[in-house]
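Subject: Structure handover

Hello,

Here is the structure I said I would pass on. Please look it over first; my notes on what was found follow below.

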Amino acid sequence: MLGGADETTLKEFMRRLLRAAGLRTPLIGLPLGLGGAISAILSTCIKTPPLTVDNVKGIKELVPVDHAAAIRDWGWAPLGLDEGLRKTFNIESAPPPSTRF
C-alpha cells in the first residue's frame, strides 16, 4: 500500500476530497459500536450494503505506510494531499485544510 506525503485523519481527508470535488455533502459521524450494529443489520438485509462490518473494522485499524522501497526502487516521489487533489480534479488550487462547509 502506498500513501501520500501527508498524514491526515479519515475525516479531514473526506472533507478535503469532497470540497475539491465540488460536493457539499455533510459528513455524519457515528460511534463505532453503532456503525458495527448498523453494518451487521445491513449485511443481512441487502446483497451489497453501503456499509459492511469490514468497513467498520477497517476504520479502527491504523496502517503504517512505508514509502522507502518505492522511493528507492522506482524513484517515486509522493505528493501531498492538496497537490494530489489539484491534479486529480484538475483544479488550480485545493482548499486549505481548515476549510469547512
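P26 sits in the loop that runs between α1 and α2. This is a predicted model, and the values in this message are computed from it. P26 counts as exposed, because its relative accessibility is 61% and the cut-off for exposed is over 50%. From P26 to R15 the C-alpha distance is 8.7 Å, with their positions 11 residues apart in sequence.

As for the overall make-up, the protein chain has five helices and zero strands. Its pattern along the sequence is therefore written α-α-α-α-α. Of the 101 residues in the protein chain, 19% are buried. If one takes the contacts between residues at least 6 apart in sequence, 56% of them join residues at least 24 apart.

Two residues in the helices are worth a look alongside P26.

The first topic is L17, which belongs to helix α1. Is L17 buried or exposed, or in between? L17 has a relative accessible area of 25%, so it is classed as partly exposed; the class below it, buried, means under 20%. Once neighbours within four places in sequence are set aside, L17 is in contact with L85 and F89. G84 is 67 residues away from L17 along the chain, and the C-alpha atoms of L17 and G84 are separated by 10.0 Å.

The next is I38, in helix α2. I38 is partly exposed as well, because its relative accessible area is 31%. Leaving out neighbours within four places in sequence, the contacts of I38 are with L30 and L51. The C-alpha atoms of I38 and L51 are 8.0 Å apart in space, while the two residues are 13 apart in sequence.

Now to the pairing of α2 with α3. Two packed helices are described by the angle between their axes and the distance between the axes. For α2 and α3, the axes come within 8 Å and cross at roughly 155°. Angles over 145 degrees count as roughly antiparallel, and α2 and α3 are therefore roughly antiparallel to each other. On the α2 side, the residues that meet α3 are L32, G35, G36, S39, A40 and S43. On the α3 side, V53, V56, I59 and K60 take part. Sorted by class, this contact of α2 with α3 has five nonpolar, four polar and one charged residues.

Last, the second largest pocket. Rolling a probe the size of a water molecule over the atoms shows where empty space is left. The second largest pocket holds about 430 Å³ of space. How many residues line the second largest pocket, and which lie nearest its centre? The lining has 13 residues, and those nearest the centre are L10, I28, G29, L30 and I59. I59 also appears in the contact of α3 with α2, and L30 is one of the contacts of I38.

Three helices, α1 (10-20), α2 (32-45) and α3 (53-60), each supply at least two residues of this lining. Which helix gives the most to the lining of the second largest pocket? That is α1, with three residues. By class, the lining of the second largest pocket has 10 nonpolar residues, two polar and one charged.

Regards

Conventions
Residues numbered from 1 in each chain as written. Predicted model: local features only at pLDDT ≥ 70, side-chain atom pairs only at ≥ 80, totals over all residues. Heavy atoms only, no water. 1 Å grid on protein atoms, 1.4 Å probe; cavity = no way out; pocket = protein on both sides within 12 Å on 5 of 7 lines; lining within 4 Å. Points joined across faces, edges and corners; volume = space filled by probe spheres on them. Helix = DSSP H or I, 4+ residues; strand = E, 2+ residues; numbered from the N terminus. Nonpolar A, V, L, I, M, F, W, Y, C, P; charged D, E, K, R; others polar. Axes fitted to C-alpha atoms, helices over the stretch in contact; angles between N-to-C directions. Parallel < 35°, antiparallel > 145°, perpendicular 65-115°, else oblique. Contact = heavy atoms within 4.5 Å. Buried < 20%, exposed > 50% of the residue type's maximum accessible area, 1.4 Å probe, protein only.
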